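Take a walk through this model, one region at a time. Start at the surface, then move inward.

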Amino acid sequence: MPLSTALPPAETGTAEPVRLLSPEGQLVHSALSEEYLPVIEALPDERLEDFHRQMVLMRRWDIEAGNLQRQGQLALWIPSHGQEAAQVGSAFAAKPQDHVFPAYREHVVGKIRGLDPVRIMAILRGIDHGGWDPRETGNFHIYVLVIGAQSLHATGYAMGIGLDGASGTGDPDRDEAVLVYFGDGATSQGDVNEAMIFAASYQTPQVFFLQNNHWAISVPVERQSRTPLYLRAAGFGIPTTQIDGNDVLASYAVTQSALDAARSGAGPRFIEALTYRMGAHTSSDDPTKYRENEELAYWGARDPITRMEAFLRGRGASESYFRALAVEAEEFAADIRTRTLALQPPPRERLFRHAYTDAHPLVDEQRAWLERYEAGYGDAAAPDTGAAPAEDGAGA
Amino acid sequence: MAASEFPLPDVGEGLTEAEIVAWKVQPGDSVTVNQVLVEIETAKSLVELPSPFAGTVQELLVDEGATVEVGTPIIRVASAGGSVELQATATDESDFVAPMDTREHPVAGAPGFLGEGGAAERALDSGERPEPTLVGYGTRAQVATRRRRPDAVRPDAVRPDAAAPAAPAARSSTIPVALASPVIAKPPIRKLAKDLDVDLAAITGTGLAGEITRDDVIRQAQQASVFRNLETPEWGDEREERIPVKGVRKAIAKAMVHSAFSAPHVSVFSDVNATRTMEFVQRLKASPTFAGVRVSPLLVMAKAIMWAVRRNPTVNSTWTDKEIVVHHYVNLGIAAATPRGLIVPNIKDAQELSLLQLAQALEQLTLTARDGKATPADMAGGTITITNLGSFGMDTGTPILNPGEVAIVALGAIKQKPWVIDGEVRPAYVTTVGASFDHRVVDGDVASRFTADLASVLEEPALLLD
């Protein structure tokens, strides 16, 4: 019965995960939380509101993009509903000099790092392969659709940081680290395991951030692992922590601590954020075929946004903050809709431009062939204006 | 007042059509962006479509219960603004549909391409399905069904250290792999055999190391199916079953009716002793040049058609009411049974291919059709077609022309039968060549000469050297 996997960790035989904020929105004082609570207590109200704000904006984006897919304006949408806390908290924990390697569901992480949301919409509209320059997107690296492959990219990059001596210098404002995201399904891939082996061998400055959303499309996590996933990292010799992934404060504080350790030269860290994919795997998936309503209800009662809102209200956040945010969310969604609909297919030339850094005879030949081929359609062919805004990175 | 139409979107990566289940709005209603307009049912599930426009519903363009193709406009909405599509309308939050929230809005479709560990599951789900028989791919080869002795040369008998049964290193490398284990087959092949209810121990593998190949399993399953058909399934509970006519079935019906009622068909048959064809096929199979390539009597028939077409050009033509277009090339169609139904992809300019190239082209076409990947271009522009009824064990048939063509050849099963040679009855590999023609173009004499030419090549493949 898949239900059991997604029930509280206590029922799957693991220790309590680190939780700073209860589902009711109260700070949790426990032996586990004491280490992290001072970090939260030191945060200004604006930062706490920003946690909440980014989660709300992300959820509104999710709804708009889902609708656009149903309206035929996106080929696909990948919802992150339910996973906002894990993503937002960890994203805020990274410093500007850190490098972030996403899978393909970390939309809000990209947004927080400075990626224009429409760059992601362009991929899912089918007019862009998602190539962007991480130097222009807050070191947020490209989306990787090959499951778990980004963990190797991240480890390789982190090895590079180590070889450059760009971590462990003792200067926390300069030391770099890598934060890599992946899901429970990816832990079954060789790539993720190999990445951990090399990370441990080279003591790379990196944090493995696992969002265990309990479902690899239709395969429940229990079928992939008989042991809690965070324990696997211990087997590789990587210090590891399990957190309540629907608690944005825990996600922030624990990731910050792990990144600090990595930057300081203490080697890699592993975090398993227990969360839940409330929606479909993608717009092409129908989760009602494989999971139960009770499970959904269980996790619905542990919603990351609801508890953060309760926490903020308990601290006396003003009604005007929530009202302004509701307006902002609508404007944000409307802006995404407008700019997504305005996206144009990139010029044909772009196919060839980045194949090699220099001119290449084979590419020239292929370009000429394609031009002849397209010309073969005569006037019926759509004119290739070459003036599309997707010139180099749609809508950038 | 500008009006916009909403074309039915593909809501699930590759869906081609959907049924309109229930309209949630009526003409005259005003709608906002993202308000639910309609509930549709795709091949996978029920989906609600949110409005891309704000405005007033002018007309519902498709009735409830109708199935329409992706891209068909389903509703017209009038708006005061210009391009409503680009007008982002912020509306009351309650109006927003959250289609990803599956409690209310089950979403459609096949598993996404974004794997997340689902790859293995998909492989189980789709990759190892019983494969379709391709009409036109190979008369069934004679297969030895001798049961392998299960204890034939057990490794214990030759292991240097028989006391180490689990040590793989103990297995001497000099033992032929095929003999070292009762059954050698890759896991997907074992899965296929399980799905097809085939006993691997009953198969003699034809792989390089004696391993059982996919073809071996399929062949065995087909042989078994002759007997399995004797089992009579129960009727369903309902008195009648209604199967909607759509997709490939609809296209097949249209093509068949068009062909059968516009082209007057005439069919002729010729029995032939194909023993030399069978020998020729065996020699090709054994030759290094054809190593790894599927060779079957179909290949000989395909080559025979190219030869016979040169001698009887009008069978390779098209009737246009004003003129008969005789083609000086052969786009050779192969009728293929696929899970989606009959399709007829063709090999372009088959006349230019060597025997080896033709064999490779037939194999490629088989694989493409089997995987359901034949494109409209693959199926367009055929000039003459073969249907391989022999793969179903049939002796011959009266095929219906592929529309646009004037001849279709049926290759029947090649079986050992009594045959009179020099006044004596002897066993021979015999088949019946059948062919149908468009009688508007092809008269009885040409039809007969063409069919006799085909028969003569099966009788004596050396004629291809001509």
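How exposed is A:Ile197, given its relative accessible area? This is a predicted model, and the answer is a computed one. A:Ile197 has a relative accessible area of 42%. Buried means under 20% and exposed means over 50%, so a residue in between is partly exposed. A:Ile197 is therefore partly exposed.

Now place that residue. A:Ile197 lies in helix α7 of chain A, which spans residues 190-202. On the surface, A:Ile197 joins A:Phe198 and A:Tyr202 in a nonpolar patch. Together the three residues offer about 320 Å² of accessible area.

Step back to chain A as a whole. Chain A holds 15 helices and 7 strands. Of its 396 residues, 56% are buried. The exposed area of chain A is about 15600 Å², and carbon and sulfur atoms supply 54% of that area. Contacts reach far along the sequence. Take the contacts in chain A between residues at least 6 apart: 77% of them join residues at least 24 apart.

Next, go to a charged residue under cover. A:Lys111 sits in helix α4 of chain A, residues 107-113. A:Lys111 is buried, yet it has no salt bridge. The nearest side chain of opposite charge belongs to A:Glu328, 6.1 Å away. A salt bridge calls for a side-chain nitrogen within 4 Å of a carboxyl oxygen. What does A:Lys111 contact, leaving aside its neighbours within four places in sequence? The partners are A:Gln54, A:Leu57, A:Trp61, A:Pro117 and A:Phe332.

Turn to chain B and its sheet. Four strands form an open sheet in the order β1-β8-β6-β3, with antiparallel pairing. The edge strands are β1 and β3 (30-31) of chain B, and each pairs on one side only.

Follow β8 of chain B, residues 73-79. This strand is mostly covered, with 5 of its 7 residues buried. On one flank is β1 of chain B, residues 2-7, which runs antiparallel to β8(B) and is joined to it by 6 bridges. Two pairs help to trace this register. B:Pro7 has B:Pro73 as its bridge partner, and B:Ala2 stands opposite B:Ser79.

Strand β6 of chain B, residues 55-60, also pairs with β8(B). Here the pairing is antiparallel again, over 4 bridges. Look for B:Glu59 in this part of the sheet: B:Glu59 stands opposite B:Arg76 of β8(B).

Key:
Residues are numbered from 1 along each chain as its sequence is written. Chains are lettered from A and ligands numbered from 1 in the order in which they are written. This is a predicted model: local features need pLDDT of at least 70, side-chain atom pairs count only at pLDDT 80 or more; totals for chains, interfaces and linings use all residues. Side-chain values use heavy atoms; hydrogens and water are left out. Patches are made of residues with over 30% relative accessible area and no salt bridge: like charges are joined within 9 Å, nonpolar side chains (Val, Leu, Ile, Met, Phe, Trp, Tyr) within 5 Å. Accessible areas come from the Shrake-Rupley method with a 1.4 Å probe; for residues, only the protein chains shown count as cover. Helices (H or I, at least four residues) and strands (E, at least two) are DSSP runs, numbered from the N terminus. Buried means under 20% relative accessible area, exposed over 50%, partly exposed in between (1.4 Å probe, protein chains only). Two strands pair if DSSP finds at least two bridges between them. Lys and Arg count as positive and Asp and Glu as negative; His and the chain ends are not counted. Contact means heavy atoms within 4.5 Å.
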